[in-house]
Amino acid sequence: MENTLGLEIIEVVEQAAIASSKWMGKGEKDIADQVAVEAMRERMNKIYMRGRIVIGEGERDNAPMLYIGEEVGICTQPNASSLCNPDELIEIDIAVDPCEGTNLVAYGQPGSMAVLAISEKGGLFAAPDFYMKKLAAPPAAKGKVDINKSATENLKILSECLERSIEELVIVVMKRERHNDLIKEIREAGARVALISDGDVGAAVSCGFAGTNIHALMGIGAAPEGVISAAAMRALGGHFQGQLIYDPAVVKTGLIGESREANIDRLKSMNINDPDKVYDAHELASGQTVLFAACGITSGNLMNGVRFFHGGARTQSLVISNQSKTARFVDTIHMFGEPKTLQLN
């Protein structure tokens, strides 16, 4: 699958990032998201595959494109019968976030990116559009930190695993009211807190790389993005755990579903009978082959954002594969129209 789709999924996230970046700093987060969705879908539908969106922009009736359950790939073209034989094409499940951090793009802030994860059919957890308690940590702490332990306990474990003092650790937490107690506990334990307004996929993936100065992600964020993060962390050998949050009283900022009870019923309808189960990366991204791809929209810890020059643009992407056990950073120059002098810095 990596050999068949590797380059093309890079182009998918590149096109989404370029489209969204044209709206960087214009205060239009919905438009920045919409154009990323359209660009991602257009490029995806040129790939010789039978793809199914398992995590996307919303349920079928609430999103016009890249909705959960939507089929993508060359066979969706009007003249599909002349282009492909469905029986010969690889079947894959796809999780997408065409513009991870829409507010970051709208206000010209760092860390937004276009992301996706793919696996063979059935290889990605079809997370409901709920919230998820998350814990991401470097490979050295895999299986040692635990989402059921307190932040203080996990900081002590991280300190030992990374051979750093607690005071040297940096923990990323989303700036939300629900995290006030968590932030206080981390600080009282002696670690430093890096608050982010949006975009926790980048923070989770950063835990898998040395040199990012991010040593853990803690707190509650969106569940679909948790699956995408888990796919990357599984391929990197990092630690990731997620637990669905279905109680609006815990989230405090709104949740799909009218009540805790209604949300539990919805989970049961999705064959999730243990709503409090803690999932690890291998359960959220269980496929034999898992690929993660991201392209920076605005510059962040891992990648530069899209940089335009006269006649083109330059992007930086990241592709992680558990199949080849690689993490590739891809620097690409895109030429619009007639070739111009290429911008190398």
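**Cavities, a buried helix face and unpaired cysteines**

The second largest cavity has a volume of about 40 Å³. This cavity belongs to a predicted model, and a search of the whole structure finds 2 cavities of 30 Å³ or more. Its lining is made up of Lys-134, Met-174, His-179, Asp-200, Leu-217, Met-218, Gly-219, Ile-220 and Gly-221. Strand E8 is the leading contributor, giving the most to this lining with 5 residues. In character the lining of the second largest cavity is mixed, with 4 nonpolar, 3 polar and 2 charged residues.

The largest cavity, at a volume of about 50 Å³, is lined by Leu-5, Ile-9, Val-12, Met-44, Ile-47, Met-49, Ile-92, Ile-94, Leu-116 and Ile-118. Here the residues divide into 10 nonpolar, no polar and no charged. Helix H1 (2–21), strand E3 (91–100) and strand E4 (113–120) each supply at least two residues of this lining, and H1 gives the most, with 3 residues.

Strand E8 (216–222) also comes up in the surroundings of helix H5, as one of the elements against which the buried residues of H5 pack. The others are strand E5 (131–137), strand E6 (170–174) and helix H6 (180–189). Helix H5 itself covers residues 151–162, 12 residues in total, and reaches 16 Å from its first C-alpha to its last. That span is close to the 16 Å expected at 1.5 Å a residue. Ala-151, Asn-154, Leu-155, Ile-157, Leu-158, Ser-159 and Leu-162 are the buried residues of H5. It helps to recall that an α-helix has 3.6 residues a turn, so residues three or four places apart point the same way. Just after H5, Glu-163 takes a positive phi of about 55°.

Turning to the cysteines, the structure holds 0 disulfides. Cys-99 is in no disulfide, and the nearest cysteine sulfur, that of Cys-295, is 12 Å away. Cys-99 counts as buried because its relative accessibility is 3%, under the 20% cut-off. What keeps Cys-207 from forming a bond with the closest cysteine sulfur? The sulfur of Cys-207 lies 13 Å from that closest one, in Cys-161, which is too far for a bond; a disulfide requires the two sulfur atoms to be within 2.5 Å. Cys-207 is buried as well, with a relative accessible area of 2%.

How values were computed:
Residues numbered from 1 in each chain as written. Predicted model: local features only at pLDDT ≥ 70, side-chain atom pairs only at ≥ 80, totals over all residues. Heavy atoms only, no water. Buried < 20%, exposed > 50% of the residue type's maximum accessible area, 1.4 Å probe, protein only. Helix = DSSP H or I, 4+ residues; strand = E, 2+ residues; numbered from the N terminus. Expected span 1.5 Å × (residues − 1). Contact = heavy atoms within 4.5 Å. 1 Å grid on protein atoms, 1.4 Å probe; cavity = no way out; pocket = protein on both sides within 12 Å on 5 of 7 lines; lining within 4 Å. Points joined across faces, edges and corners; volume = space filled by probe spheres on them. Nonpolar A, V, L, I, M, F, W, Y, C, P; charged D, E, K, R; others polar.
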